[in-house]
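Q: Please take a close look at one part of this structure: the stretch that UniProt lists as a binding site, and what lies around it.

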Amino acid sequence: MAPSLEEPEPVGDVLSNPLKSKPQLVAPEPEHCPGPESQQAGTADSCAGCPNKAICASAPKGPDPDIPLISARLSGIKHKILVLSGKGGVGKSTFTSLMGYAFAMREEINVGIMDTDLCGPSIPKMMGVEAETIHVSGTGWSPVYMSDNLSVMSIQFMLPNRDDAIIWRGPKKNGLIKKFLKDVDWGDLDFLLVDTPPGTSDEHLSVNSFLKESGIDGAIMVTTPQEVALLDVRREIDFCRKAGIRVLGLVENMSGFVCPNCTHESQIFRATTGGGRALAKEMGLPFLGEVPLDPRIGMACDYGESFFDEYPDSPACKALKGVVRRLAEEMGVDPQLVSPDD
Ligand code: SF4
């Protein structure tokens, strides 16, 4: 028989409480077990004589006591947006940094970017602050400020050497994400963009679990036009539906190549099945727009410069402003307040 990936525990349990792990039992649960994760575990009458009694009695119980602290810490943030992609290499972190710049073009809009790609943090490099470190004050950890209204927090700021590999298991990742949410002094923000690694893993589960009480507006899905990327986006959309995260919309990145010299557009990653627009229609999701590939975006990221400042009239900048306006609409914010029409 072929090996099976049947779930070892119900999906609902993982999504509703991914941070609580079942205690390691030394014997099977008896017939009248109240549940090793229940409040009565190890102390109920039915636990008498069970070999797991001491383990169950000492296992942590009840809701995470840090959740109310996280909610209080984030109470000054109006909108929290997850940036997701099913697949790596679709330009999600680049897109997140560009969205940060796009929102922060209005001086009165305060924006934060939280980089939860713990094993591959790239936002600090793209924003030209990779050599910065975190400062700790009486009010918590200070994010690194790119400008008066744009701040970033990333594990990169905590690494002694920028090339150090981060080899962490789930609980340690959960712990750092919790610290980012509980201890970082974001101040009052209009938008917090949470950049996530590709896929549906520990980082996604913990962010969702920690932010559920304080409220997430929803998630943006970033894809490229090819079916191989769209396939993974379908899984990511399914994850959001199971986790109760609203999908604010889908963005197609690297959607055609506009030559910076002659402005001729060519299709590098051809959409064989209709691309992001067709997928959004199929899934009944808003399509936020198409952002063309522009080699100058990669260069701006390598040099840690703002593409918006360098090439404000480029087709990619105009497309990103359109995405920001569509996103604002989906969140019930006046698009003209966020990014006025050119
Ligand atoms: S100690 Fe109680 S809760 Fe734990 S496995 Fe035994 S019966 Fe179940």
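A: What follows goes through that stretch and then the strands beside it.

The model is a predicted one. For "binding site", an unreviewed UniProt entry lists G86, K87, G88, G89, V90, G91, K92 and S93. Two of these listed positions, G91 and K92, are taken up here in turn.

G91 sits in the loop that joins β1 (77-84) to α4 (92-104). It counts as buried because 22 C-beta neighbours lie inside 10 Å, and 20 or more are enough for that label. Setting aside residues up to four places away in sequence, G91 touches V222, N253 and M254.

K92 belongs to helix α4. K92 has 26 C-beta neighbours inside 10 Å and therefore counts as buried. Apart from its neighbours within four places in sequence, K92 is in contact with V83, S85, D195 and V222. V222 is thus a contact of G91 and also of K92.

The contact with D195 leads to strand β7, which covers residues 189-195. Seven of the seven residues of β7 are buried, so the strand is largely enclosed by the rest of the structure. β7 pairs with β1 in the parallel sense over six bridges, and within this pairing K80 has L192 as its bridge partner. β7 also pairs in the parallel sense with strand β2 (residues 111-115), over five bridges. There, the bridge partner of I113 is L193.

Technical notes: Residues are numbered from 1 along each chain as its sequence is written. This is a predicted model: local features need pLDDT of at least 70, side-chain atom pairs count only at pLDDT 80 or more; totals for chains, interfaces and linings use all residues. UniProt positions are given in the numbering used here, feature names are shortened, and annotations may be inferred rather than shown by experiment. Helices (H or I, at least four residues) and strands (E, at least two) are DSSP runs, numbered from the N terminus. A residue is buried if 20 or more other C-beta atoms lie within 10 Å of its own, exposed if 12 or fewer, and partly exposed in between; C-beta atoms are placed from the backbone. Two residues are in contact if their C-beta atoms, placed from the backbone, lie within 7 Å. Two strands pair if DSSP finds at least two bridges between them.
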